[in-house]
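Let's take a friendly walk through a protein chain. Have a look at the picture first, and then we will go through it piece by piece.

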Amino acid sequence: MKKLLLIIFLTLTLNDAAALEITGIYIRGEAGISGKKISKPVKVTSPHLVIRVDGAPDGFCLERTTKTGNEVLCTGTEITGKILQPGTYTVFPSPPADKRRETVSVYLQPVLKKKTGK
């Protein structure tokens, strides 16, 4: 019984360790002053599935940096279920006109490889 509980605990711990969260904040500038974007880059080393998005009801932009360049994907929560390829990601929300500050969190889970039977 103890071995079974240990296996379950290790499986849950390893799965949680592999999950990723990309967060970003946008603070709207005052009149004549540019806004501020804050997002710590997150390195994704294997394909990951977007499992949830919190915040940013007016959408957000996800930026991916690779050795060959940058890509920007601006979207809303419809990104849930999409697979992100390896790269370094940042995210920036689009704040509603009546808000000065907005945050967004994009949650990822590694894509499990299917086992092939031989």
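## A tour of the chain

Glu-102 is buried, with a relative accessible area of 6%. The side chain of Glu-102 has a partner: Lys-99 forms a salt bridge with Glu-102, with the closest N and O atoms 3.2 Å apart. Lys-99, for its part, is partly exposed at 35% relative accessible area. Keep in mind throughout that this is a predicted model.

**The chain as a whole**

Which secondary structure elements does the chain contain? There are one helix and nine strands. If you read along the sequence, the pattern is α-β-β-β-β-β-β-β-β-β. The chain has 118 residues, and 28% of them are buried. About 8500 Å² of the chain is exposed, and carbon and sulfur atoms supply 59% of that area. Now think about contacts between residues at least 6 apart in sequence: 72% of these join residues at least 24 apart.

**The five-stranded sheet**

Strands of a sheet pair through backbone hydrogen bonds, either parallel or antiparallel. Here, five strands form an open sheet in the order β2-β1-β9-β4-β7, and the pairing is antiparallel. Its edge strands are β2 (36–38) and β7 (83–84), each of which pairs on one side only.

Try finding β9, which covers residues 101–110, in the picture. What joins β9 to strand β1, residues 20–27? Eight bridges do, and the two strands run antiparallel. Within this pairing, Glu-21 stands opposite Tyr-107 of β9.

Strand β4 (residues 48–55) also pairs with β9 in the antiparallel sense, this time over seven bridges. To follow this pairing residue by residue, start at Val-50, whose bridge partner in β9 is Leu-108. Then move to Gly-55, whose bridge partner in β9 is Val-104.

In a regular strand the side chains alternate between the two faces of the sheet. That is a handy idea to keep in mind as you rotate the picture.

**A closer look at one residue**

Thr-23 is found in strand β1. Is Thr-23 buried or exposed? The label that fits is partly exposed, because the relative accessible area of Thr-23 is 34%. Leaving aside neighbours within four places in sequence, Thr-23 is in contact with Ile-38, Ser-39, Lys-40, Val-91, Val-104 and Ser-105. You have already met Val-104 as the bridge partner of Gly-55. Thr-23 and Tyr-107 are 84 residues apart in sequence, yet their C-alpha atoms are 8.7 Å apart in space.

**Pairs of opposite charge**

Side chains of opposite charge can pair when their charged atoms come close. How many salt bridges are counted here? The count comes to four. The table includes some of them.

| Salt bridge | Closest N to O distance |
|---|---|
| Arg-52 and Asp-54 | 3.2 Å |
| Glu-71 and Arg-64 | 2.9 Å |
| Lys-99 and Glu-102 | 3.2 Å |

Now let's ask how much of each partner is accessible. Arg-52 counts as partly exposed, at 41% relative accessibility. Asp-54 is partly exposed too, with a relative accessible area of 32%. In the pair of Glu-71 and Arg-64, the two residues carry separate labels: Glu-71 is partly exposed at 47%, whereas Arg-64 is buried at 18%. The cut-off explains the label for Arg-64, because buried means under 20% relative accessible area.

**The disulfide**

What does a search of the whole structure find when it looks for disulfides? There is one. This disulfide joins Cys-61 to Cys-74, with an S to S distance of 2.0 Å. The link of Cys-61 and Cys-74 is right-handed, with 100° about the S-S bond. Cys-61 lies in strand β5 (residues 60–66) and Cys-74 in strand β6 (residues 69–75), so the pair ties together parts that are 13 residues apart in sequence. Cys-74 counts as exposed, at 51% relative accessibility. The cut-off matters for this label, because exposed means over 50%.

**Looking back**

Take one more look at the picture with these places in mind. You can find the open sheet with the order β2-β1-β9-β4-β7, the disulfide that joins Cys-61 to Cys-74, and the salt bridge of Lys-99 with Glu-102, where our tour of the chain began.

How values were computed
Residues are numbered from 1 along each chain as its sequence is written. This is a predicted model: local features need pLDDT of at least 70, side-chain atom pairs count only at pLDDT 80 or more; totals for chains, interfaces and linings use all residues. Side-chain values use heavy atoms; hydrogens and water are left out. Two strands pair if DSSP finds at least two bridges between them. Helices (H or I, at least four residues) and strands (E, at least two) are DSSP runs, numbered from the N terminus. Buried means under 20% relative accessible area, exposed over 50%, partly exposed in between (1.4 Å probe, protein chains only). A disulfide is a pair of cysteine sulfur atoms within 2.5 Å. Contact means heavy atoms within 4.5 Å. Accessible areas come from the Shrake-Rupley method with a 1.4 Å probe; for residues, only the protein chains shown count as cover.
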